[in-house]
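This report walks through a protein chain from its overall layout to its core, its salt bridges and one of its pockets. Please keep the sequence and the structure in view while reading.

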Amino acid sequence: MADNDTRPAPGDPGPGGADSTREPEPIKAVPLRRPGRWIAAAAILALVALFVYGAATNPAYRWDTYRKYLFDTRITAGAIVTLELTVCAMAIAVVLGTVLAVMRLSPNPVLRSSAWVYLWIFRGTPVFVQLVFWGLVPSLYSRIQLGVPFGPQFFHLDVQQLQAAFAFAVLGLALNEAAYMAEIVRAGINSVGEGQREASFALGMSWSQTMRRTVLPQAMRVIIPPTGNELIGMLKTTSLVTGIPLSTDLFGRARDIYGVNFQPIPLLLVAATWYLAITSVLMVGQYYLERYYSRGVSRTLTTKQLQELADAQQGEKAK
């Protein structure tokens with residue numbers, strides 16, 4: 001019987017006379033033209049240029065006054081006070097928020113209910129109203145006494161004589177922010193798998209040890225990004241401490257100055273510039289902090305990792 005297999009042998013020319021093992025020609029990909037993007041970009045750039053030109057030529061902005069007070073000592077001192085308010089209030093808020101989050105997840109109904117009431121009050125009322133109440137504390141409680149009821153007093157404090165506007169501002173901002181930090185921490189804790197808790201319990205850890213040693217360290221990846229946003233928000237919220245009243249912060253200093261020279265626009269621009277500069281620095285720090293805690297999450301290799309991998313492969317070939 002004759003062999004009916006007509007397939008060409010390897011290396012033999014095919015029907016067209018060409019080598020059948022030849023690789024196909026690469027496809028020439030032509031990128032799609034998107035004129036809409038260029039039109040939108042040109043329109044946005046034109047609008048920005050018109051706004052910048054109009055602002056630069058508008059005498060109402062008083063750019064000479066802006067340059068005069070941009071690095072004024074009172075403004076720089078106010079920026080330092082704003083940073084102090086932000087750091088102190090945020091530090092207290094993070095610690096208290098973590099405690100509240102753990103209380104909300106606690107099996108103890110008293111702790112869980114107390115944390116819920118705290119969050120209900122401080123998240124349900126405006127922060128400016130809370131700061132105004134903190135400013136009225138000397139009127140509400142003129143004296144604070146600690147001791148035995150109807151007996152000797154061990155501690156006495158005259159609140160009306162206490163010049164503590166900065167402390168009241170930090171306390172008011174921290175207590176309000178702690179309510180939001182509690183929800184952020186709780187979301188981070190819930191993002192950790194239940195098996196992690198079960199494994200910790202199986203190793204003999206208590207509930208508090210499980211939270212401290214197993215759950216919270218893993219929850220940092222979820223907690224850090226929104227915490228950075230809250231820090232930036234806290235920086236801008238410090239402008240509301242005028243309700244205490246506290247006028248030594250950045251916005252308070254700018255308000256005092258334009259209350260004298262009656263030029264609010266350039267002084268508001270000065271304050272906005274300082275807020276924008278500080279926020280930009282915080283955003284850079286937030287970026288590097290997020291990248292630190294997100295190590296091992298993404299499968300995409302960085303440029304440094306790719307270079308190290310290429311060097312390792314090159315070394316293997318040399319051997």
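Contact, as the word is used here, means heavy atoms within 4.5 Å. With that in mind, Thr 82 touches Leu 235, Thr 238, Asp 249, Leu 250 and Tyr 275, when residues up to four places away in sequence are not counted. The model is a predicted one, and every value below was computed from it.

## Overall layout

The protein chain holds twelve helices and two strands, and from the N terminus on its elements follow the order α-α-α-α-α-α-β-β-α-α-α-α-α-α. Of the 319 residues of the chain, 28% count as buried. Among the contacts with a separation of 6 or more, 70% are accounted for by residues 24 or more positions apart.

## Two buried residues and their surroundings

Thr 82, whose contacts opened this report, has its place in helix α3. Is Thr 82 buried or exposed? Its relative accessibility is 0%, so Thr 82 counts as buried.

Leu 131 is found in helix α5, and this residue too is buried, with a relative accessible area of 0%. Leaving out residues up to four places away in sequence, Leu 131 touches Ala 169, Gly 172, Leu 173, Leu 240, Val 241, Gly 243 and Ile 244. One of these partners, Leu 240, is 109 residues apart from Leu 131 in sequence, while the two C-alpha atoms are 7.7 Å apart in space.

## Nonpolar cores

The largest nonpolar core has 39 residues, of which Leu 85, Leu 100, Tyr 118, Leu 173, Val 241 and Ile 244 touch the most other members. The elements that give two or more residues to this core are α3, α4 (109-124), α5 (127-135), α7 and α9. Which element gives the most to this core? That element is α7, with 13 residues.

Leu 100, one of the residues that touch the most other members, is in contact with Ala 115, Tyr 118, Leu 119, Ala 178 and Ala 182, again not counting residues up to four places away in sequence. A second, separate core has 16 residues, including Ile 75, Tyr 258, Trp 274 and Ile 278.

## Salt bridges

How many salt bridges does a search of the whole structure find? The search finds five, and the table lists some of them with the distance between the closest N and O atoms.

| Basic residue | Acidic residue | N to O distance |
|---|---|---|
| Arg 74 | Asp 72 | 3.0 Å |
| Arg 104 | Glu 183 | 2.9 Å |
| Arg 186 | Glu 183 | 2.8 Å |

In the salt bridge between Arg 74 and Asp 72, the two partners fall into separate classes of accessibility. Arg 74 is partly exposed, with a relative accessible area of 39%, whereas Asp 72 counts as buried at 16% relative accessibility, because the term buried applies under 20%.

The side chains of Arg 104 and Glu 183 meet in another salt bridge. This pair links distant parts of the chain, with Arg 104 in helix α3 (residues 73-104) and Glu 183 in helix α7 (residues 165-190), 79 residues apart. Arg 104 counts as partly exposed, at 21% relative accessibility.

Glu 183 also forms a salt bridge with Arg 186, and here both residues lie in helix α7, three residues apart, which is about one turn of the helix. Arg 186 counts as partly exposed, its relative accessibility being 23%. Taken together with Arg 123, the residues Arg 104, Glu 183 and Arg 186 are linked in a network of salt bridges.

## The second largest pocket

Rolling a probe the size of a water molecule over the atoms shows where empty space is left. In the second largest pocket of this model, that space comes to about 230 Å³. The pocket is lined by 13 residues, of which Met 90, Thr 227, Gly 228, Leu 231 and Leu 289 lie nearest its centre. The elements that give two or more residues to the lining are α3, α9 (207-237) and α11 (264-293), and α9 gives the most, with five residues.

What is the make-up of this lining by class? The lining of the second largest pocket has nine nonpolar and four polar residues, and no charged residues.

Conventions. Residues numbered from 1 in each chain as written. Predicted model: local features only at pLDDT ≥ 70, side-chain atom pairs only at ≥ 80, totals over all residues. Heavy atoms only, no water. Salt bridge = Lys/Arg side-chain N within 4 Å of Asp/Glu carboxyl O. Buried < 20%, exposed > 50% of the residue type's maximum accessible area, 1.4 Å probe, protein only. Helix = DSSP H or I, 4+ residues; strand = E, 2+ residues; numbered from the N terminus. 1 Å grid on protein atoms, 1.4 Å probe; cavity = no way out; pocket = protein on both sides within 12 Å on 5 of 7 lines; lining within 4 Å. Points joined across faces, edges and corners; volume = space filled by probe spheres on them. Nonpolar A, V, L, I, M, F, W, Y, C, P; charged D, E, K, R; others polar. Core = buried A, V, L, I, M, F, W, Y, C linked by side-chain atoms within 4.5 Å.
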